[in-house]
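Me: I am in my first year and would like a close look at a single part of this protein, namely the aromatic rings and what surrounds them. Please take your time and connect the pieces as you go.

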Amino acid sequence: MKILIDTDILLDVALGRENHLVDSVAVLQWVEAGGQACVAWHSLTNCAYLLKGGGRLFVNNLLKLVEVAPVGTDDAKRALILPMTDLEDAFQVAAALSWQADMIVTRNLSDYRKSPIVALSPKNFLRLT
């Protein structure tokens, strides 16, 4: 099973968001145990920006676990025509498609209703593993 991990899951871990930390950490532990995961390129920049001084260390450690989905102009154009309201989430979907992910793990399920790739919450994803 190949997953794309959405930025919100990464930030749960990096920022220690108490309400979501256990399940988000468990997703990364699944990857650490041998699961296949990627992130979108822009997730790395978003994390680095929001974590300020700690961003470089977090991204460095993250890249020991996950791949970065290979994306380019065609993927950006694909994101623009996806029937999704939130463009940033459409870029996540385009990254997942380019990496041939089976699903996206996110807490933001409502914005992925029209995604061509199924989106699962961390809790529901972990039930599958």
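How many aromatic pairs does a search of the whole structure find?

Reply: The model is a predicted one, and a search of the whole structure finds one aromatic pair. The partners are tryptophan 30 and phenylalanine 125, whose ring centres are 4.9 Å apart and whose planes stand at 90°, so the pair is edge-to-face. In general, a pair of aromatic rings is described by the distance of the centres and the angle of the planes. This pair links distant parts of the chain, since tryptophan 30 belongs to helix H2 while phenylalanine 125 belongs to helix H7 (residues 122–128), and the two are 95 residues apart.

Burial comes next, and here the cut-off is under 20% relative accessible area. Tryptophan 30 counts as buried because its relative accessibility is 17%, and phenylalanine 125 counts as buried because its value is 0%.

Now look at what lies around phenylalanine 125. Leaving aside residues up to four places away in sequence, phenylalanine 125 touches Met1, Ile3, Val27, Trp30, Met103, Val105 and Leu120. Phenylalanine 125 also belongs to the largest nonpolar core, which has 22 residues, and it is named with Ile3, Ile5, Leu10, Val39, Leu62 and Val66 as touching the most other members. The elements that give two or more residues to this core include strand E1 (2–5), helix H2 (21–32), strand E2 (36–39) and strand E4 (103–105), and H2 gives the most, with four residues. Apart from this core lies another, of 18 residues, among them Ala69, Ala79, Leu82 and Val93. As a general point, nonpolar side chains in soluble globular proteins tend to be buried together.

Several of the elements just named also meet in an open sheet of five strands, which has the order E3-E2-E1-E4-E5 with parallel pairing. Its edge strands are E3 and strand E5 (119–120), each of which pairs on one side only. Following the sheet from isoleucine 3, a contact of phenylalanine 125, you find that isoleucine 3 stands opposite alanine 37 in E2, and that three bridges join E1 to E2, running parallel. From E2 the path continues to strand E3 (residues 67–68), which is joined to E2 by two bridges and also runs parallel. Here valine 39 stands opposite valine 68 in E3, while the bridge partner of cysteine 38 in E3 is glutamate 67.

Cysteine 38 deserves a moment of its own, as it counts as buried because its relative accessibility is 0%. Cysteine 47 likewise counts as buried, because its value is 1%. A disulfide requires the two sulfur atoms to be within 2.5 Å, and the count of disulfides comes to zero. Cysteine 38 is in none, with the nearest cysteine sulfur, that of cysteine 47, lying 14 Å away.

Finally, rings can also be approached by a charge. The charged end of lysine 2 sits over the ring of tryptophan 99, at 4.3 Å from its centre, and lysine 52 lies over the face of tyrosine 49, at 5.0 Å from the ring centre. To return to the starting point, the pair found in the search is the edge-to-face one of tryptophan 30 and phenylalanine 125.

Notes: Residues are numbered from 1 along each chain as its sequence is written. This is a predicted model: local features need pLDDT of at least 70, side-chain atom pairs count only at pLDDT 80 or more; totals for chains, interfaces and linings use all residues. Side-chain values use heavy atoms; hydrogens and water are left out. Buried means under 20% relative accessible area, exposed over 50%, partly exposed in between (1.4 Å probe, protein chains only). A nonpolar core is a set of buried Ala, Val, Leu, Ile, Met, Phe, Trp, Tyr and Cys residues joined through side-chain atoms within 4.5 Å. Contact means heavy atoms within 4.5 Å. Two strands pair if DSSP finds at least two bridges between them. Rings of Phe, Tyr and Trp (its six-membered ring) pair if their centres lie within 6.5 Å; planes under 30 degrees apart count as stacked, over 60 as edge-to-face and the rest as tilted. A charge sits over a ring if NZ of Lys or CZ of Arg is within 6 Å of the ring centre and within 35 degrees of the ring normal.
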